[in-house]
Amino acid sequence: MRYSQVFNARMHMAFVRYVVWQYHRKSLRVARKHPDLFRPVSSELSRLHKALWSQLGVKSGDRWLRLHVNLTGIQDYTFCPEDIFFARIERILNDCNVSGFGVEDKNELWRYVPDGVEPHVVLRYVRGAFYDSESRWVSEATAQSLLDSIREDIVGKPCRSSGGAGVRLFRWQNGKHRDGSLLLTTDWIEAQGESYVVQHKVVQDKFSASFNTSSINTVRMMTLRQPWDGQVVVCRSMLRMGVSNAIVDNMMKGGLCVCVGSDGQLGRYAYDYDGERYESHPVSGLQFQGLVHPAYWDMVAMARHVAERIPYYNLLSFDLVPREDGTICVVEINATCQGITQLQYDFGGLFGRTSERLMDWCKEHQGLATFKHIRTFY
């Protein structure tokens with residue numbers, strides 16, 4: 001075995017312990033805010049939960065189980081704990097060595113989705129060079145001309161960010177694109193890092209816009225390619241909504257989520273990042289219970305179609321929104337560090353009845369979690 005392999009194997013186990021510790025700390029922070037959500041559950045439920053999720057070399061407690069049972073009232077031992085998911089499961093199912101690249105890079109999204117499905121691109125910037133919507137190289141002067149030719153609001157995004165970080169809406173004002181006092185120019189884009197994309201603002205359908213008009217309110221849909229038979233299934237989904245004048249729907253930016261059932265029906269409550277519940281949207285006043293997302297099955301079909309084309313990730317989280325004309329837009333795809341807690345708030349455990357089969361497969365394929373922490377030793 002090469003030195004690099006020995007070193008990475010030892011580093012990886014230290015990394016696993018670090019991830020488990022960090023998510024244990026997170027659960028403690030939540031418990032300090034909401035101690036009522038961590039009341040003990042039945043001993044049999046706790047035993048089944050620990051036995052299920054402790055098969056991958058990391059001992060599982062029942063803190064995440066208690067959170068979900070007390071919050072939802074659902075007595076389900078398959079609620080997936082964050083520490084085991086991020087430290088082991090996601091890294092066995094997906095190749096995390098290419099985190100941020102491929103499907104996760106917003107400048108590469110067009111390679112994985114059908115034509116016209118990604119948000120319409122104005123300009124791309126990758127490692128010191130500009131490209132048009134067809135990924136053809138353009139000069140900096142042409143790039144600025146492309147920006148100036150769009151006389152409407154446009155959206156700028158770092159291509160490898162998550163949680164809505166760095167997303168800006170540039171409004172067309174007095175012949176320029178501005179976000180407050182900030183002027184959108186090629187010089188400014190170059191200063192943002194090695195990868196950036198400017199897109200037309202997606203015009204969402206009436207149902208999505210009815211909750212909050214200032215944000216694009218996407219459905220986060222997690223799919224699993226069952227590695228034992230290749231079938232792509234939807235694990236869980238949730239509708240994310242911005243609040244007030246927010247231009248993004250991410251919960252870390254103050255947004256809300258409401259879980260979406262396997263029939264497209266919304267749950268009774270929406271939740272913020274800290275788990276506070278809302279029976280209606282605080283801005284629009286719309287109540288969630290009884291509503292059915294009219295484009296749910298179209299989004300399921302799109303997510304499954306795209307997931308089937310991406311063999312090196314078994315687990316994907318799609319951000320989807322129906323456009324004004326009813327077509328489905330894939331805003332972005334997440335393959336690493338995929339949030340799972342909110343997806344489990346209303347309809348049970350993340351993997352449901354496939355949990356035992358999934359854990360059996362992950363136990364047999366733990367070697368896939370190998371991560372190249374150091375890549376330069378030979």
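Reader: How far is the sulfur of Cys96 from the closest cysteine sulfur?
Author: A disulfide is a covalent bond between the sulfur atoms of two cysteines. In this model, a pair of cysteine sulfur atoms counts as one when they lie within 2.5 Å. For Cys96 the closest cysteine sulfur is in Cys337, too far for a bond, at 7.3 Å.

Reader: What kind of model is this, and which helix has the highest confidence?
Author: This is a predicted model, where local features need pLDDT of at least 70, side-chain atom pairs count only at pLDDT 80 or more, and totals for chains, interfaces and linings use all residues. Residues are numbered from 1 along each chain as its sequence is written, and side-chain values use heavy atoms, leaving out hydrogens and water. The pLDDT, which is the predictor's confidence in each residue from 0 to 100, has a mean of 90 over the protein, with 94% of residues at 70 or more. Confidence is lowest in helix α1 (residues 3–33), at a mean of 82, and highest, at 98, in helix α8 (residues 296–307).

Reader: How many disulfides are there, if we look at Cys257 too?
Author: Cys257 has its closest cysteine sulfur in Cys259, at 5.4 Å, which is too far for a bond. Cys257 is also buried (under 20% relative accessible area, with exposed meaning over 50% and partly exposed in between, for a 1.4 Å probe and protein chains only), because its relative accessibility is 0%. Cys96 counts as buried as well, at 6%. By the distance rule, the number of disulfides is zero.

Reader: What is the radius of gyration of the protein?
Author: The protein has nine helices and 15 strands, which are DSSP runs (helices H or I, at least four residues; strands E, at least two) numbered from the N terminus. It is as compact as a globular protein of 378 residues, because its radius is close to the 21 Å of the globule rule. That radius is taken over C-alpha atoms, and the rule is 2.2 Å times the number of residues to the power 0.38. The radius of gyration is 22 Å.

Reader: What share of the residues is buried?
Author: Let's begin with the outside: the accessible surface is about 17,400 Å², with 51% of it belonging to carbon and sulfur atoms. Such areas come from the Shrake-Rupley method with a 1.4 Å probe, and for residues only the protein chains shown count as cover. Of the 378 residues, the buried share is 52%.

Reader: How many residues of helix α4 are buried?
Author: Helix α4 spans residues 82–93 and is mostly covered. Its buried residues include charged-looking names you may know, such as Glu82 and Arg88, along with Phe85 and Leu93. The buried count, out of twelve, is twelve.

Reader: Which arc do the buried residues of helix α2 cover?
Author: In α2 (residues 43–53), the buried residues are Leu45, Ser46, His49, Leu52 and Trp53. They lie on the same side of α2, because the arc of their directions around the axis is only 135°. That arc is taken from the helix axis to the C-beta atoms. Their cover includes α3 (63–72), α4 and α9 (355–364), and the arc is 135°.

Reader: And how wide is the arc in helix α5?
Author: An α-helix has 3.6 residues a turn, so residues three or four places apart point the same way. In α5 (residues 140–149), Ala143, Gln144 and Leu147 are buried. They sit on the same side of α5, because they cover an arc of only 95°.

Reader: Which residues does His68 touch?
Author: His68 is in helix α3 and counts as buried, because its relative accessibility is 1%. Contact means heavy atoms within 4.5 Å. Leaving out residues up to four places away in sequence, His68 touches Gly73, Phe79, Thr341, Gln344 and Tyr345.

Reader: Is Asn174 buried or exposed?
Author: Asn174 lies in the loop between β5 (168–173) and β6 (176–179). Its phi is positive, about 55°, although it is not a glycine. With a relative accessible area of 78%, Asn174 is exposed.

Reader: What is the phi of Ser135?
Author: Ser135 belongs to the loop between β2 (129–131) and β3 (137–138). Ser135 is partly exposed, with a relative accessible area of 28%. Although Ser135 is not a glycine, its phi is positive, at about 65°.
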